[in-house]
Amino acid sequence: MTALLDLESVDVHYGDFQAIHGVSLSLDEGETLAVMGANGAGKSTLLKAVAGLMATSAGAVRFGGQDLAGMAPHQRVAAGISLVPEGRRVFKSLTVEENLLVGGYSGRPGPWDLAAVFKAFPLLAERRSRTGIHLSGGEQQATAIGRALMANPRLLLLDEVSLGLAPVVVKDIYQALPVISSRGTTVLIVEQDVSQALSVADHVQCLLEGRTVLEASAASVTRDDVAAAYFGLEAR
Ligand SMILES: Nc1ncnc2c1ncn2[C@@H]1O[C@H](COP(=O)(O)OP(=O)(O)OP(=O)(O)O)[C@@H](O)[C@H]1O
């Protein structure tokens, strides 16, 4: 079976600084992969390389078997890759419902519409007429994820889902992830909260200073294994 997302020995640079060193990964349709690592490990950079916001300097990024080299970010969205960036960025003057409808503008067919998003995030259904400026951090995060789903992506990229959110809100957001997967959407999630990541992921990959130091099925690793990889204890 061809992987939905396949990275082969990818390097990414910011000028002279190399942030990603030869990272490979493979993600099958319908699966969830959690990429973990400490601050500065390269997680966001990797997501940006998949979304087309950062150029790769070596290696290949393939989506559904197609090499994405040279494909612009908007073309990747049209092909079925949606990114929820760190910091959420909902439209503050629009209501929840309007934010979601903006996401559906690209018109890809698929299982996600307003009703499906409200079913996955019941808290949004209650807030559908509220403007972005009046939403809590968690409601903004849910809106940002819902907006990305409205584009009916085959691959949803989620950056730092729980950053800065209260634990109770994080729980609400994480409850939606199995619902998202159950509709066939493949998820690549960047997360610093190891327990949350392990609770939803099929596979985990840990980065340290831009290199893969752990790659495993979520069922086969413990929090301690991941923490050790995080801090480079296995590699030394
Ligand atoms: N715009 C930039 N210019 C130069 N270096 C950058 C830039 N953005 C990130 N970096 C560097 O690239 C490396 C990887 O950063 P990245 O943001 O991908 O890490 P991260 O694992 O997502 O961490 P965080 O959780 O802090 O976002 C870090 O050393 C960072 O300082």
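Which element gives the most to the shell around the ligand? In this predicted model, helix H1 does, with three residues.

## Around the ligand

Let's start where a biochemist may want to look. The ligand is surrounded by Tyr14, Phe17, Ala19, Gly37, Asn39, Gly40, Ala41, Gly42, Lys43, Ser44 and Thr45. Two elements, strand E2 (17–27) and helix H1 (43–51), each give two or more residues to this shell. By residue character, the shell divides into four nonpolar, six polar and one charged.

## The four-stranded sheet

Strand E2 also belongs to an open sheet of four strands, which has the order E2-E1-E4-E5 and antiparallel pairing. Its edge strands are E2 and strand E5 (66–67), each of which pairs on one side only. Further in, strand E1 (residues 5–14) and strand E4 (residues 58–63) run antiparallel and are joined by five bridges. If you would like a landmark for this pairing, look at Asp11, whose bridge partner in E4 is Ala58.

Helix H1 connects this sheet with the ligand story: H1 lies across E1, E2 and E4, and runs at about 65° to E2. H1 is also the element that gives the most to the ligand shell.

One residue of E2 is worth a closer look. His21 sits in strand E2 and counts as partly exposed, with 16 C-beta neighbours inside 10 Å. Leaving aside residues up to four places away in sequence, His21 touches Asp11, Gly210 and Arg211. Asp11 is the residue we just met as the bridge partner of Ala58. His21 and Ser57 are 36 residues apart in sequence, and their C-alpha atoms are 9.9 Å apart in space.

## The six-stranded sheet

There is also an open sheet of six strands, with mixed pairing and the order E6-E7-E8-E3-E9-E10. Strand E6 (81–84) and E10 stand at the edges, each with a single partner strand, so one side of each has no neighbour in the sheet. On average, neighbouring strands of this sheet are turned by 15° against each other, direction ignored.

Within this sheet, E3 and strand E8 (residues 186–190) pair in the parallel sense over four bridges, and Leu33 stands opposite Leu188 in E8. Helix H7 packs on the sheet, where H7 touches E3, E7 and E8, and its direction makes about 150° with that of E8.

Strands E9 and E10 run antiparallel and are joined by six bridges. Here Gln205 stands opposite Glu215 in E10. The hairpin of E9 and E10 has two residues between the strands.

## Helix H9 and its buried side

Which residues of H9 are buried? In helix H9 (residues 223–230), they are Val226, Ala229 and Tyr230. These three cover an arc of only 105° around the axis, which puts them on the same side of H9. A general rule helps here: an α-helix has 3.6 residues a turn, so residues three or four places apart point the same way.

What covers these buried residues includes strand E3 (32–36), helix H8 (194–200), strand E9 (203–208) and strand E10 (211–217). H9 lies across E3, E9 and E10, running at about 25° to E9.

## Residues with a positive phi

Most residues other than glycine have a negative phi. The table gathers several residues of this model with a positive value, including a glycine.

| Residue | Phi | Place |
|---|---|---|
| Ser9 | near 50° | strand E1 |
| Glu160 | near 50° | loop between strand E7 (155–159) and helix H7 (167–182) |
| Glu209 | near 45° | hairpin of E9 and E10 |
| Gly232 | near 75° | following H9 |

Are Ser9 and Glu160 buried or exposed? Ser9 is exposed, with 12 other C-beta atoms within 10 Å. Glu160, by contrast, counts as buried, with 21 C-beta neighbours inside 10 Å.

Conventions. Residues numbered from 1 in each chain as written. Predicted model: local features only at pLDDT ≥ 70, side-chain atom pairs only at ≥ 80, totals over all residues. Buried ≥ 20, exposed ≤ 12 C-beta atoms within 10 Å, placed from the backbone. Arc of directions from axis to C-beta. Contact = placed C-beta atoms within 7 Å. Near = placed C-beta within 6 Å. Nonpolar A, V, L, I, M, F, W, Y, C, P; charged D, E, K, R; others polar. Pairing = 2+ DSSP bridges. Axes fitted to C-alpha atoms, helices over the stretch in contact; angles between N-to-C directions.
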